[in-house]
Amino acid sequence: MSYFSDIYKGIKTLLTGMSVTGKYFLTSRKGAITQQYPDNRDTLKMFDRFRGEVIMPHDEENRHRCTGCQKCEIACPNGTIEIIWDRGIDEETGKKKKKIDQFVYHLSMCTMCGLCIDVCPTDAIEWGQNFENSVYDRTALTRVLNKPGSKLMPGVED
Amino acid sequence: MIRALSITKGIHDWLFSIMSENAAHLVEMILIALVYLAIFAIAGLFLVLIERRVAAWFQLRIGPNRVGFQGLLQTMADALKLLSKELTGTEKADKFLYNLAPYFVIITALMALAVIPFTQDFHAFDINIGILFLIAISSIGVIGILLGGWSSNNKFALIGAMRSGVQTISYELSIGLSLLTMILITGTLQLSEIVEVQKNGWLIVQGHIPAIIAFMIYMIAGTAETNRAPFDMAEAESELGAGFHTEYSGMKFAYFFLAEFINMFIIAAIATTVFFGAWLSPFGITESIPLLGVFWFLAKAMVLVFLMMWFRWTFPRLRVDQLLTLEWKYLLPLNLMNIVIMALIVWQNLTIQF
Amino acid sequence: METNFKSEEYFINMGPQHPATHGVLRLLLTIDGEIIKKVEPDLGYIHRSIEKMCERDSYQQIVHLTDRMDYLSSNINNEAVCLTVENALEIEVPNRVKVIRTIIGELTRISSHCLWWGVMGMDVGALTTYFYGFRDRELINDIFEETCGARLTMNYNVPGGLMFDIHPNFIKRVKDFIIHFKTKLPEYDRLLTNNVIFHKRTKGVGILTKEDAISFGASGPVGRASGYSCDVRKHHPYSALDKVTFNEALKTEGDTFARYEVRIQEMWESMSIIEQLIDNIPEGEHRVATNAVIKLPKGEFYQRVETARGELGVYIISTGTKNPYRLKFRSPGFSNLSLLNHIAVGGKIGDLVATMATLDLVIPDIDR
């Protein structure tokens, strides 16, 4: 007789399993978790802290906050950041000061670890939320983060 | 009143009037073959799309809905892609058998389609041993799988083909016996006669308890016949590549693939005919509207196909020895007991007639 | 790889690319019909010399490499290295940091087990479980994305604390997740755990006795399913784990089904740990300032943590400079893989797949 009770119990567990998937089938219209990506670009909003790529914000007068201290270059584990700098004469004090010529950022090598942003003493770089970075030509992934003709914001070194 | 018979009779008479007898017969046969090929192709395309969308809804996704309205042209696009693929072959494969294997499965699927009654008189081949013909045809399909596995000269394919062969011939026994249980009520093997008997109530209602048990056994055995989950050890994707059709690509792979879906439809169609009264409407409400039988038949068959898809996407896979244990130790004894019960019921006139 | 096998045996290669081996693992199987005679794993396809790279990186930079070892429990790996460095420098982190590290570690454990459950179902053939597991994992990924900024390789722990403080929405999201997930775990049971086909596939398959578990060095759920009590969180507690009460999930049968049940039980336990901690996160600093260039004192330091796979050990030999002299990871997957030959012999190929699914191997963890 345990033959029949085994069969009965087995069929009962199979039917409970089917009821779980059946329930999802019936609520499939609004329960689908697919995001129809290229169509929903307008409403897609990434979180603030999302690590898309490293950017250097500039204010309205095209000034950035990078003093060229090279702490980010030292902190980066694999040489993603290269700073090309120069010593120039500062206008106000007349002393020799470092200023950056180009802040080269190799997006193709970046592991998004965030150590560069962590050690920057002047908050010059921060995370941007753009994740659509695919290009046809690999040299387009080597970016220069400071815009041409931009200068250092005064009062940052304090 | 337009019955299917009057359309075909009209074409028949017209053909005979314009050419000689032999030529007219030949043209008729070619026309019928083309109609069935068209049904085969369209049903195959439609079923593949339905499978993908239903699977997606079970899995909290939306299925293909970009190509064409709601994805209707998706399978056409896939078929075109498969057509353009290179027909590869392994170098030590047995060329003749390798090319022959897909045709076995296609031909058996088409032959089985020919005897199914879609509606009154929409019958290509109404012979008086209909059910026997169907069971015999499904046995020939095994050859295609075994040939495909053997001639690929690939260890994985061979293992898959052997497993599939052993599974198919075991479960044919259950299918045959469960259909036999229903023949006890009808007393005839001819498919159109079986539908006539069901005008007094569908067979699953006429033979209450043993008919329901026979239906359940038939669905389980039918799913196993077509190598679908939970019995798809032969083509277990997460175990050994793709089983017996690993080495096929392009159109030949499309044949195997389509044949699997058409087999699923055939199993559902046979169940509809024998258990659920083919093209008859429930309680006979729309008997007077001709040609509506096709709609009822397709609706019932689609419900059963949906049931088979539900099985596939819910249950884990059975191991090969557990498959065979299920058949020989559980389904076969139950089937035999069921036949005895059904025979008792028919003998004592305990069937429910309307 | 010896070639003296009998000629009626089949030699099959479950190659590096295979849907059932979770990652790039090559298994050389010698089978006789359907019975397996020998299994030999062949590793090294994803070796990236992480330990060598750690010899040239500073201690803050090592942390981001451990993310990529066992990428499913990346937060716990980060925590291991940070704890080693902090113990060596004898820094005491604030209570707030300890509690947040524990909560995030337990969330990572739940997320890893969700993915494991989905893949387990897929390996034995129930193809919808994958999506249900991933749906719940997405909620945890959203929590992490809002706080840490990344979904898989978080790099949120630094030696000395956390990189930045938690987001204000963190507590509410975690509470919502717990409420949602408590309704989902019984559903997982209804779909897979109680299924008669699943029982037939996994009960009595791949049995590992307790003596074998201890001698092979199995840890984590693999060891606990054989009755070997090896939970690092109980025996050597770290962070805030000595302040919470939870049960260790132990079973004695040692077969595949026991390993499955242990992991499901662990998910319940993790949820209860989070519930005990989430409401009273102490106030305080989120970071203790360390030197910009960290130099460990001379000596050897070891720290062990419990990742989702088992016991991970970090061993640092330092000669007083700013890079470690040698850094070694004792990875749980390596010891768990070594017992595959012992428990799979004599079974069938279907059993091998089910057993490997419950061993829960992540190959980058083994190959580093």
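Helix axes that meet at an angle over 145 degrees count as roughly antiparallel. In this predicted model, helix α4 (residues 95–114) of chain B and helix α5 (residues 130–151) of chain B pack at about 160°, with 8 Å between their axes; α4(B) and α5(B) are therefore roughly antiparallel to each other. The crossing in which α4(B) passes α5(B) is left-handed. On the α4(B) side, the residues in contact include B:Leu97, B:Leu100, B:Phe104, B:Val105 and B:Met111, and those contributed by α5(B) include B:Phe133, B:Ile137, B:Ile140, B:Leu147 and B:Trp150. Glycines also take part on the α5(B) side, among them B:Gly141, B:Gly144 and B:Gly148. Classified by residue type, the contact of α4(B) with α5(B) comprises 15 nonpolar and five polar residues, with no charged residues.

A second helix pair in chain B is formed by α9 (residues 208–225) and α10(B), whose axes lie 10 Å apart at an angle of about 165°. By the criterion of over 145 degrees, α9(B) and α10(B) are therefore likewise roughly antiparallel to each other. Their crossing is right-handed. From α9(B), the residues B:Ala211, B:Ala214, B:Phe215, B:Tyr218, B:Gly222 and B:Glu225 meet B:Ile267, B:Ile270, B:Ala271 and B:Phe275 of α10(B). This contact divides into eight nonpolar residues, one polar residue and one charged residue.

Several of these residues recur in the nonpolar interior. The largest nonpolar core contains 82 residues, and the greatest numbers of contacts inside it belong to B:Met182, B:Phe215, B:Tyr218 and B:Phe275. Helix α10 (residues 251–275) of chain B makes the largest contribution to this core, with 14 residues. When residues up to four places away in sequence are not counted, B:Phe215 touches B:Ile204, B:Ala271, B:Phe275, B:Phe276 and B:Leu304. Apart from the largest core lies another, of 77 residues, which includes A:Val20 as well as C:Ile62, C:Phe170 and C:Ile264.

Two residues of chain C, neither of them a glycine, have positive phi values. For C:Asn155, phi is about 50°; this residue is placed in the loop between α5 (129–147) and β4 (157–158) of chain C. With a relative accessibility of 2%, C:Asn155 counts as buried. For C:Arg368, phi is about 45°, and its location is the segment after α15 (363–367) of chain C. C:Arg368 is also buried, its relative accessible area being 13%.

Conventions:
Residues are numbered from 1 along each chain as its sequence is written. Chains are lettered from A and ligands numbered from 1 in the order in which they are written. This is a predicted model: local features need pLDDT of at least 70, side-chain atom pairs count only at pLDDT 80 or more; totals for chains, interfaces and linings use all residues. Side-chain values use heavy atoms; hydrogens and water are left out. Axes are lines fitted to C-alpha atoms, for helices over the stretch in contact, and angles run from 0 to 180 degrees between N-to-C directions. Helices (H or I, at least four residues) and strands (E, at least two) are DSSP runs, numbered from the N terminus. Angles under 35 degrees count as roughly parallel, over 145 as roughly antiparallel, 65 to 115 as roughly perpendicular and the rest as oblique. A crossing is left-handed if the near helix is turned anticlockwise from the far one by less than a right angle, and right-handed if clockwise. Contact means heavy atoms within 4.5 Å. Ala, Val, Leu, Ile, Met, Phe, Trp, Tyr, Cys and Pro count as nonpolar, Asp, Glu, Lys and Arg as charged, and the others, Gly among them, as polar. A nonpolar core is a set of buried Ala, Val, Leu, Ile, Met, Phe, Trp, Tyr and Cys residues joined through side-chain atoms within 4.5 Å. Buried means under 20% relative accessible area, exposed over 50%, partly exposed in between (1.4 Å probe, protein chains only).
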